[in-house]
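I opened the notebook today to look up where the empty space lies, how the interior is packed, and what surrounds a handful of chosen residues. The entries below follow the order in which I looked.

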Amino acid sequence: MNKNLEMRDEKISKLLWKFSLPAIIAMLVNALYNIVDRIFVGQGVGSVGIAATTVAFPIMIIMMATSMLIAIGATALISIRLGEQKKEEAEKIVGNATVLLILLPLLLAALYLAFTDPVLKLFGASETVLPYARDFTHIIMLGSVSGSIAFGMNNFIRAEGNPRYAMLTQIIGAVINTILNYIFIFKLGLGIKGSALASICGQTVSALFVLGYFFSGRSMIKIHLRNLKPQMPIVLGILSIGFAPFAMQIANSVQHTILNKTLMAYGGDLALSAVGIIMSIATIIFMPIVGISQGAQPLIGFNYGAKQYDRVKETLKKSVFVSTIMAAIGFIVIWIWPNQIVGLFSKGDLPLTELTVHAMLTFFALLPFIGVQILGSSYFQAVGKPVQSTLLSLSRQVLLFIPLLIILPRIWGIEGVWRTAPIADTLSVLITVTVILFEMRNLPKSTPKPVEQS
């Protein structure tokens, strides 16, 4: 069965498994960059090193947001065009997106290097943490193009129906990152600089494998020189659909900036380190759900373009169900082994461990329901409806989390910081369910599948 017929006719459960499993593994592997960095930094540098990576985190989110702006917008369009049997248009989208994935990170890196210390202080660096944050973030920004290509073009591989190779490119990079973290920090004594170097080396190797896929002739979608010249209608189409995840990540960066400053005001560097650990744990829990959404996206986009709306609904329902099960498993693990999980990062630091465990259990109180919110936003990205996607993406971070983060600590102190997340989660899930139910009721009936000519 060719790929187009498979996307149109194969069982949704089988396709969702085929596309999501590699995406889940790839996202988990991608999450290891953040987690491995913090584990090695926590063990080799200490809590001040974890605080430094926490300060750098909003900057890294901005870089990821830029990649997502291009990659997810282009991926949705590629899937829809392939569903419409318009391969040449899909190749134009890939060419334009590739150029943007190089130019935008270069621009952001230049801006950061011009205003390094003010930027790091803006994101919450104290005088103690600032030198460590500077050493770490400088190297990360210098390698930003590799990270952008590795993440962005990996999505294009998945969109054309080759999720296994997409997974492989990320696994290779993460394994290299893990090995080099150990060597650079513990064998060569490079400290926090070694962790940043390890990340960049891993991302560079991933980027080379991704580029090799497209330029070796193995890809269905080709990169042609004529398509590398940006065309405004294509660029605007990419940006309009990619804006929702971009806005979500920018809001996430703003949220982390306010969070860092609030933590410094109410809990100091120790609270900043605790949140760094919590965010690493959150990453390992959320990435499988994001993997489900990435696996579902090309299925939803293709069948939406092919007017097979029953398959669109089925894909959404099954992906929400699976993501909820995954979130519930993460929730149970956290409640059973909180001290052991936090101990991976805290290196016998009892005050840090105790604070982090308490904060984590409060922070993740509504975790089992978060999959609904992620899948709801992803659905609207996949069908090319940026307004709804943006609304759902921003509902938690901008409309709910940030205002609550400003208000609740004034009432409960540091406890108000920890209670912000479950309250925001509850309200955002209610908004998402309302919007999705309305959308499902208004989808037209499926167009009969065309009969293939022999």
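My entries on the pocket, the cores and single residues follow.

**Entry: the model.** I am working from a predicted model, and I keep that in mind for everything noted here.

**Entry: the pocket.** I began with empty space, and noted that the largest pocket holds about 300 Å³. Its lining is made up of 17 residues, and those that lie nearest the centre are I281, I284, I285, G330 and V333. I then asked which helices supply at least two residues of this lining. They are helix 2 (12-44), helix 11 (268-305), helix 12 (309-336) and helix 13 (338-346). Sorting the lining by class, I found 15 nonpolar and 2 polar residues, and no charged residues.

**Entry: the cores.** I turned next to the largest nonpolar core, which has 72 residues, and in which V55, L120, L263, I281, I334, F363 and F364 touch the most other members. Helix 11 gives the largest share of this core, with 14 residues. Apart from this core I noted another, of 31 residues, including I78, L100, A166 and I221. I281 appears in two of my entries, since I had listed it among the residues nearest the centre of the largest pocket and again among the core members with the most contacts to other members. For V55 I looked up the partners beyond four places in sequence, and found L120, F123, G124, A125, V129, A133, N260 and L272.

**Entry: helix 14.** I compared two residues of this helix, which spans residues 350-363. T356 counts as buried because its relative accessible area is 0%, below the 20% cut-off. L355, which also lies in helix 14, is partly exposed because its relative accessibility is 22%. Leaving out neighbours up to four places away in sequence, T356 touches A274, I277, I278 and V342, while L355 is in contact with L270, A271, A274 and W418. A274 therefore stands in my list for T356 and in my list for L355. I also noted L355 against A109, which are 246 residues apart in sequence and 35 Å apart in space, C-alpha to C-alpha.

**Entry: S428.** I placed S428 in helix 17, residues 414-441. Is S428 buried or exposed? S428 counts as buried, because its relative accessibility is 0%. Its side chain reaches the backbone oxygen of D425 at 3.1 Å, and beyond four places in sequence S428 is in contact with Q373, S395, R396 and L400.

**Entry: L101.** I found L101 in helix 4, residues 87-114, and it is buried, with a relative accessible area of 1%. Setting aside residues up to four places away in sequence, L101 touches S67, I70, S148, G152, M153 and F156. T66 is 35 residues from L101 in sequence, and the two are 8.0 Å apart in space, C-alpha to C-alpha.

**Entry: Y213.** I closed with Y213, which lies in helix 9, residues 191-215, and which is buried, at a relative accessible area of 2%. Its partners, not counting residues up to four places away in sequence, are I157, E160, N162, Y165, R218 and S219. Between Y213 and M68 I noted 145 residues in sequence and 20 Å in space, C-alpha to C-alpha.

Conventions: Residues are numbered from 1 along each chain as its sequence is written. This is a predicted model: local features need pLDDT of at least 70, side-chain atom pairs count only at pLDDT 80 or more; totals for chains, interfaces and linings use all residues. Side-chain values use heavy atoms; hydrogens and water are left out. On a 1 Å grid over the protein atoms alone, a cavity is a set of points where a 1.4 Å probe fits but cannot get out, and a pocket is an open set with protein on both sides within 12 Å along at least five of seven lines; lining residues have an atom within 4 Å of a point. Grid points are joined across faces, edges and corners, and a volume is the space filled by probe spheres set on the points. Helices (H or I, at least four residues) and strands (E, at least two) are DSSP runs, numbered from the N terminus. Ala, Val, Leu, Ile, Met, Phe, Trp, Tyr, Cys and Pro count as nonpolar, Asp, Glu, Lys and Arg as charged, and the others, Gly among them, as polar. A nonpolar core is a set of buried Ala, Val, Leu, Ile, Met, Phe, Trp, Tyr and Cys residues joined through side-chain atoms within 4.5 Å. Buried means under 20% relative accessible area, exposed over 50%, partly exposed in between (1.4 Å probe, protein chains only). Contact means heavy atoms within 4.5 Å. A polar contact is a pair of N or O atoms within 3.5 Å; within protein, one must be able to donate a hydrogen and the other to accept it, and residues adjacent in sequence count only if both atoms are side-chain atoms.
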